[in-house]
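Got your viewer ready? Load the model, colour it by chain, and follow along stop by stop.

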Amino acid sequence: MSALLSRMSRRHAREAPPTAALGIVLIAMGVVAPSFFSAGNLRDLALNNVAVMIVALGMTLVVLTGEIDISVGSQFAVCSVAAGMLAKAGVPIMLVPVFVLALGVLMGALNGLLIGMLGLPSIIVTLAMMVAWRDTLRWTTDGAWIQDLPANFQWFGMSPEAAQLMIMAVGVALATSGAWALRHLALGRRVYAVGADAEAARLAGIDPRMVKFGVFATTGMLVSIGAMLNAVRFSTVPSNAGIGFELQAVAAVVVGGTAITGGRGTILGTVIGVALLGAIGTALTYVGIGPFWVKAIQGLIILAALGGDALFTRLARRAHLPARAVVAH
Amino acid sequence: MNIAEEPVVLRVTNVTKSYAGVTALANASFDLRAGEVHALVGENGAGKSTLIKILTAAVEYDGGEIALNGAALPRLTPRQARTLGIAAIYQQPALFDQLTVAENIALGTENAGPLSRINWRQRRERAVELLARVGAHIDPDSDVCDLGMAQQQLVEIARALGANARILILDEPTASLSKDDADNLLRVVRELRADGVAMIYISHRLEELFHIANRVTVLRDGCTIATLDMCDVSRNQLIRLMVGRELTSVFPKRVVPLGAPVLELQHVGCRASGVSDVSFSVRAGEIVGLSGLVGAGRTELARIIFGLTPADEGQIAVNGAKVRILSPTSAIAHGIAYVPEDRRRHGVVLQMSVTENISLAALRELARNGSLDVNREHDIAVEYSRRLGVRTASLRSLVATLSGGNQQKVALGRWLVTKPKLLVLDEPTQGIDVGAKSEIHSLMMDLAEQGMAILMISSELPEILGMSDRIVVMHDGTVADVLDRSEATQERLLARALQRETREFTSFFAAANER
């Protein structure tokens, strides 16, 4: 039992700090404001964060390969507005997600092409894309929101309760299948190998360019799913959707214990990261701290996560003893 | 001028240095007199580079003493070494490409505070003056990246002189120069010697040394073997001193019946990596040693065979069928495995576990419909780590925590899983301890016995001689010679590896002396 525990703790050492932090926040809320745990609040918390979480799943893959994608917020906006425009143009509501999904994959694939195939730096490519998509959208919509949507746009025409359940179910399904894939698919192993040492991966017969292309395209797809699920919660689509999503997604990934240099991290960590940042945001409002402070405090948490990781790595390096002379069993 | 009467400016006494338990310098001693050119020779890995790094304070030494002008030196920083007048010029110039010649010279010589104003006119004049001293006609305002290799070297020497260098270390300065440029550089060296600058001169071009050096120190296995007057020694004597080592370790070489050719190269070349017209073959069960100096194109050839820098000339055949190897993936598909040099960097993924490293090249086989068979992966990791005797606390341990020899076994194990027909090993036992070394040698022998073809790059002549059935000597990107096991000796291999330089320079100096 203790052996199992120690193995668990070693395997999940990187997720331990955010889990502990989440625990502290939840316990504090239990003492200070028990109404935090009302069913309604928990449901709102989940619904408000499911889109960020789905985007953060993609961001986890990107960061694991040692890259970053800061165009996810703009991609999110393009997908949201496209969903609204398609629905308004009379496309059947059940076909809208198909088109939006294709659009997301295309935008992600474009990033992947420039970064994976041409070897351009991801921070610059996605910065350019972030601005390009955002301004294309502004030019197309003149900044106007998409209104007068067909009645069956909101909640896909289902009852709100059923739709909300479905949205959460999709989120859970994506997170679990993502976690499973990273651990159990050969593809997942390749993502880690490329992030840990791209040249070593190449020498082992893995093509880092294809892997990077793949994670960016996958991220585009996940962004479009998140955007779709988010858009149908309302009766209008704001043209400024997804502002700041890139920061929130990167924050959740980093806080969740994924190394910003790539190669280490898990989906579980990212999910915990999203939960922690989401819970803190709501918790601060509950105890009466203004929304402007929320962002500042989230920023501090990101710094703490990065600093903690650097410290952890340094300590681990110091403790790097030569392996005990035990022949592998 | 009689060098023996000149004062000793630098004395190195019994200096030792080891990197992570691997001895680089065991006992190096020599002295450098004012106004002499002192040649330093030795095989790859004899300790020359380490000694230079110690003198320029790029690395710290473990034991022994270094004295400058009779006074023992404390541990220095690179900056202090420069201030004391010790400067090194490497084969690849270390200048700032995007800055002008005058700026580069100023960076090494001016000693101004961060806020002091730059006197551009003075800076330029100083550059002109220093460049004139090395006989270089170079515009001080040109960007360094626009200069050729030879001119860059002269700029470096000018910079060193500007910093009042009294001891100049030249590491293979002529290796990448044309004959005329090399000629000019040697003239500069002679002039500096006349000015009283002491120089340590490292070169594989032995003939060059006979014309430029006053004395020579031979290093072997990190020890000083001898210091001789250049006029008292012959070329063959030098080579004997450089290699003159008994085959100390016993190699587990067995005679294995050879099968059909697994790899055949015909006139293979790749312009980008400087390899041309390479032809030889490796048969099943055969170990072919690839010998030559560092920079002769051995690793580059291995990278061509593995598809990392695909060949653009000639033909490659695997198992008798012509193939085009354009990527590592296609090389692996043809049954080729490559364990690269410098495993700490790319042979293994340090941040992954032993198991994950062993399965990394075989993910395709281990995955059914994309899903990894984790149980089989574990079984394979157990099997191969046991076969190779990998010593690790657990198969889940990160490879970073293993010793060098065990990391190398993991790097090898990864490829054995793919059951390759041809195994290319680049310096398979470099920097690992004796025990692990002989384990890897036995393993290579077992694999050959099972019919695997092995191509082994090694800078260690005893290893090449002890393990190979045939030896391909490379020089300057092409094959200089192919020797059978029975006809190869250390002297012969080194003579072959050095041969072409010798021929060029013999004719060159013959012409120069007539003049």
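A quick definition before the first stop: the expected span of a helix is 1.5 Å times one less than its number of residues. Helices here are DSSP runs of H or I with at least four residues, strands are runs of E with at least two, and both are numbered from the N terminus. You're looking at a predicted model, where local features need pLDDT of at least 70 and side-chain atom pairs count only at pLDDT 80 or more, while totals for chains, interfaces and linings use all residues. Residues are numbered from 1 along each chain as its sequence is written, and chains are lettered from A and ligands numbered from 1 in the order in which they are written.

**Stop 1: a helix in chain A**

Select residues 160-184 of chain A. That's helix α7, with 25 residues, and its first and last C-alpha atoms are 35 Å apart, close to the 36 Å expected at 1.5 Å a residue. Now show side chains for A:Ile167, A:Gly171, A:Leu174, A:Ala175, A:Gly178 and A:Leu182, which are buried. Buried means 20 or more other C-beta atoms within 10 Å of the residue's own, exposed means 12 or fewer, and partly exposed is in between, with C-beta atoms placed from the backbone. An α-helix has 3.6 residues a turn, so residues three or four places apart point the same way.

What covers the buried residues of α7(A)? Add α3 (39-64), α8 (186-196), α10 (208-231) and α12 of chain A, which are included in that cover.

Stay on α12 (residues 267-286) and pick out A:Leu268. A:Leu268 is buried because it has 21 C-beta neighbours inside 10 Å. Draw a distance from its C-alpha to that of A:Gly178: you should get 9.4 Å, for two residues 90 apart along the chain. Leaving out neighbours within four places in sequence, A:Leu268 is in contact with A:Glu15 and A:Ala179; contact means C-beta atoms, placed from the backbone, within 7 Å.

**Stop 2: a crossing of two helices**

Next, select α4 (residues 72-88) and α11 (residues 245-255) of chain A, which pack at about 125 degrees with their axes 6 Å apart. The axes are lines fitted to C-alpha atoms, for helices over the stretch in contact, and angles run from 0 to 180 degrees between N-to-C directions. The two helices are therefore oblique to each other: under 35 degrees counts as roughly parallel, over 145 as roughly antiparallel, 65 to 115 as roughly perpendicular, and the rest as oblique.

Show A:Val72, A:Gly73 and A:Phe76 on α4(A), then A:Phe245, A:Glu246 and A:Ala249 on α11(A), to see who makes the contact. By class there are four nonpolar, one polar and one charged residues. Nonpolar covers Ala, Val, Leu, Ile, Met, Phe, Trp, Tyr, Cys and Pro, charged covers Asp, Glu, Lys and Arg, and the others, Gly among them, are polar.

**Stop 3: across to chain B**

Show both chains: the contact takes 38 residues from chain B and 28 residues from chain A. On the chain B side, α10 (328-333), α13 (363-366), β18 (371-372) and α14 (374-388) each give two or more residues. The largest share, four residues, comes from α14(B). That side of chain B divides into 21 nonpolar, twelve polar and five charged residues.

**Stop 4: strands in chain B**

Pick β20 (residues 453-457) of chain B. Five of its five residues are buried, so the strand is largely enclosed by the rest of the structure. B:Ala453, B:Leu455 and B:Ile457 point one way, and B:Ile454 and B:Met456 the other.

Add β13 (residues 287-292), which runs parallel to β20(B) with four bridges; B:Val288 stands opposite B:Leu455. Then add β19 (residues 422-426), also parallel to β20(B), with five bridges; here B:Leu425 stands opposite B:Met456.

Now for an open sheet: four strands of chain B in the order β12-β11-β14-β15, with antiparallel pairing. Strands pair if DSSP finds at least two bridges between them. The edges are β12 (275-283) and β15, and the twist averages 20 degrees from one strand to the next.

**Last stop: a phi to check**

Where is B:Asn319? Look in the loop between β14 (313-318) and β15 (321-323) of chain B. B:Asn319 has a positive phi of about 50 degrees although it is not a glycine.

Note on methods:
Two residues are in contact if their C-beta atoms, placed from the backbone, lie within 7 Å.
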